[in-house]
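Welcome! Have a look at the structure below, and then take a short tour of some of its open spaces, enclosed spaces and individual residues.

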Amino acid sequence: MENSDLTKSAEERATILKASHVNKFFLEPVKFQVLKDISFEVKKGEFLSIVGKSGCGKSTLLYILSTMDTSYDGTLEMNGRKLTGRSQNELAAFRNEHLGFVFQFHFLLPEFTALQNVMLPGLKLGKYSAKQVEERAYEKLRMVDMEEHALKPSMKLSGGQQQRVAIARALINDPTIVMGDEPTGNLDKANSDMVFDIFREISHNNGQTIITVTHDPDFAAGGDRIIEMSDGYIISHGHESKIQ
Amino acid sequence: MKLRISYNIAKTHLLTKKKQTLVAMLGVTFGIAMFIVMISFMQGVNQFLEDSALDASPHVRIYKQLTSDRPSLIETLNPDGFNIIHHQKPKNEPARIKNGLIIARHIEQQPEVLGVSPQVSTQVFFNTGAVPIPGTLAGVDVAREEKLYRLSQRMKSGSIEALRSNANGVILGRLLARKLNLKAGDKVNVTSSTGGTALLRVVGVFSFGIQTVDDARGYVNTAKVQELIQKDANYITDLHIKMKDPLRAIDFGKELARQYDYKVEDWATANQAILAGEQIRGVMTFVISFTLLVVAGFGIYNIMNMNVMNKIKDIAILKATGFDGKDVVAIFMIQSVIIGLLGALLGVLIGFSLSYLLSITPFASGDFLAIDTFPVMFNPLHYALGVIFGVITTLLAGYFPSRKAARIDPVEILRG
């Protein structure tokens, strides 16, 4: 860790996520190296944005970090535990407990109410009783200002509302890391600002780590650090600008 | 706890697509209902035919076979020689069972035997006006015959007591009586094949519901037949044996065949046509039921497959939020099981209703069988089988789409 130049002002903070020498190939339609020797670390409570042009590999990197994509070379560690090479079921349980996701196209289960959508990962975790999970879900919905829509079917909500419910769902198990794939990509300015405020709040107040892939320069600039990618390389690890 | 979430998701999926669920369910329902109707009807027919055959015929019959291919004299004397015997005739010997009454008493003492009825039967002509009509006269002890065949319950008119009290009485089969235009109280003249004649009074008419019996047989007292064919009181041609358990008849018959040098025939041999028919119906039932269930299974498979394709995004998101392959399999398997169980239960209800309707549908079988409606068997086992088959079919039909769902790679779907 001493070899990294970005730890200089953050020694007191633990490394939460570490990727070492990650290489990734796409085999279809022709063999193509999409990630080239990616190594970086993320600190606890850091609000990190990954930016770059379309096709630079940033989404691919995010899905590797998310543990959903397991076909890569190199190693991935979280909290010092190696994630590379674990079984799909182990990784699913890991995601359930430690990771939260927000996608560009909200991806709520359309048949369920907003509340049920938020509760599902909590019920799956099984750490709390159904009653407690429901209380927690209301708490998270209140946080994203969606409490009054809790019992509406999610397909009846607007795009911005759905995205806020998706954020509440990502937070239900108090994950160590929240990952976003263009979380504001589909939203208007007001909703984007709201998403940004929520992310900032949870990273700075709860110490939860945020990793988002984004095209929105304002959104990226508001975070703690920006990693810039191009053609499968990290061309800038950025600087931790706003440590509080 | 884990299954409970999967169950809730499955329930929500089923309830939001009610029409699709119903269609999938009806596939199973129809298959099971038809399966139950088929098997109830076929088993009903089998049971009916078997019962009527078992009721009206002895479980084991002992008689003397006159046309047996006995070894010729030259073969017994010169067993290693090159003998050619052409067109051998049966020996001239009476069809009697020697010591028949003693044998009967002996067999009757066996614990598994319900009763033995020694009989003298002979071919006769019933003379109606100038026309002789062939038939069989069975000389019986009425009390024993009653014990074996519940003859009193088969009387259309008259009574068996009348036969006992009237030495010249005869009870005729229903069709024979109709052919001869005779009613209880009328007189009929019979001629035996050996030339004896007797004037008998009709004291009753019976019906077994089996054409070959009702059309030819008349019951008289043993002594009357013995008199007609000029034999002594020990002359017995047949021993009819009823077992307590008809299935024991085959083994028991083999045992008797070892003990006595007479032809022993069990009911299964005597009713091979019925048993062969039973087997054919059994195979048919199996093939058709199997086809119905396979068709229903493919229906469910298609719908579940479609369901998985429609829910591919939901599956990806569930996996992203930490649901593993097993949870996804459970979600879709639970849907299949619910469809299968509800469909099967509905199928059982419909199958029962249809079977019941069939069992009260009038069916004119003519004189061939004593039956007014279609024979249908109501056996809880068939209904249980229907439900089990239905659930197994849906489990299989649901398994493959579920497995496919479990294998979905969330990255591909989420990246769009």
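From which domains of chain B does the lining of the largest pocket draw at least three residues each? They are domain 1 (2–54 + 274–415) and domain 2 (60–71 + 92–270). Please keep in mind throughout that this is a predicted model.

## The largest pocket

Let us begin with the pocket itself. The largest pocket holds about 1200 Å³ of space, and 43 residues line it. Lying nearest its centre are Arg61(B), Thr136(B), Arg217(B), Asp238(B) and His240(B). Sorted by class, the lining has 20 nonpolar residues, 15 polar ones and 8 charged ones.

The two domains that contribute to this lining are the ones into which chain B is divided. Each is written as two stretches of the chain: 2–54 and 274–415 for domain 1, and 60–71 and 92–270 for domain 2. Between the C-alpha centres of domain 1 and domain 2 of chain B there are 52 Å.

## The largest cavity

Next come the cavities. How many cavities of 30 Å³ or more does the structure hold? There are 5, and the largest has a volume of about 70 Å³.

The lining of this largest cavity includes Thr321(B) from chain B, along with residues of chain A. On the chain A side you will find Asn96(A), Leu99(A), Gly100(A), Phe101(A), Pro121(A), Arg169(A), Ala170(A), Ile172(A) and Asn173(A). Two elements of chain A, β6 (99–102) and α5 (159–171), each provide at least two lining residues. The largest share, 3 residues, belongs to β6(A). By class, the lining of the largest cavity is made up of 5 nonpolar, 4 polar and 1 charged residues.

## The second largest cavity

The second largest cavity contains about 50 Å³ of space. Its lining consists of His13(B), Leu14(B), Lys17(B), Gln20(B), Thr21(B), Ile303(B), Asn307(B), Gln335(B) and Ile339(B).

Which helices of chain B each supply at least two residues of this lining? They are α1 (2–16), α2 (18–56), α12 (272–310) and α14 (325–359). In the lining of the second largest cavity, 5 residues are polar, 3 are nonpolar and 1 is charged.

## A largely enclosed helix

Now turn to helix α13 of chain B, residues 312–320. Is this helix largely enclosed or not? It is largely enclosed by the rest of the structure, because 7 of its 9 residues are buried. Those buried residues are Asp314(B), Ile315(B), Ala316(B), Ile317(B), Leu318(B), Lys319(B) and Ala320(B).

After α13(B) comes Gly322(B), which has a positive phi, near 110°.

## Two residues with positive phi

Two other residues also have a positive phi, although neither Asp145(A) nor Asn99(B) is a glycine. For Asp145(A) the value is about 60°. This residue sits in the loop between α4 (130–143) and α5 of chain A, and its relative accessible area of 46% makes it partly exposed.

For Asn99(B), phi is about 55°. You can find Asn99(B) in the loop between α3 (73–77) and α4 (100–108) of chain B. Is Asn99(B) buried or exposed? With a relative accessible area of 53%, Asn99(B) is exposed.

## Two arginines of chain A

Our last stop is a pair of arginines. Arg86(A) belongs to the loop between β5 (81–82) and α2 (88–98) of chain A. With 22% relative accessible area, Arg86(A) is partly exposed. Setting aside residues up to four places away in sequence, Arg86(A) touches Arg81(A) and Leu91(A). Its side chain also reaches the backbone oxygen of Lys82(A), at 3.1 Å. Along the chain, Arg86(A) and Phe196(A) are 110 residues apart, and their C-alpha atoms are separated by 33 Å.

Arg136(A), by contrast, is part of helix α4 of chain A. This arginine counts as buried, because its relative accessibility is 14% and the cut-off for buried is under 20%. Apart from neighbours within four places in sequence, Arg136(A) is in contact with Tyr128(A), Ile172(A), Asn173(A) and Asp174(A). Among these partners, Ile172(A) and Asn173(A) may look familiar: they also line the largest cavity.

Technical notes: Residues are numbered from 1 along each chain as its sequence is written. Chains are lettered from A and ligands numbered from 1 in the order in which they are written. This is a predicted model: local features need pLDDT of at least 70, side-chain atom pairs count only at pLDDT 80 or more; totals for chains, interfaces and linings use all residues. Side-chain values use heavy atoms; hydrogens and water are left out. On a 1 Å grid over the protein atoms alone, a cavity is a set of points where a 1.4 Å probe fits but cannot get out, and a pocket is an open set with protein on both sides within 12 Å along at least five of seven lines; lining residues have an atom within 4 Å of a point. Grid points are joined across faces, edges and corners, and a volume is the space filled by probe spheres set on the points. Ala, Val, Leu, Ile, Met, Phe, Trp, Tyr, Cys and Pro count as nonpolar, Asp, Glu, Lys and Arg as charged, and the others, Gly among them, as polar. Domain bounds come from an automatic or database domain assignment. Helices (H or I, at least four residues) and strands (E, at least two) are DSSP runs, numbered from the N terminus. Buried means under 20% relative accessible area, exposed over 50%, partly exposed in between (1.4 Å probe, protein chains only). Contact means heavy atoms within 4.5 Å. A polar contact is a pair of N or O atoms within 3.5 Å; within protein, one must be able to donate a hydrogen and the other to accept it, and residues adjacent in sequence count only if both atoms are side-chain atoms.
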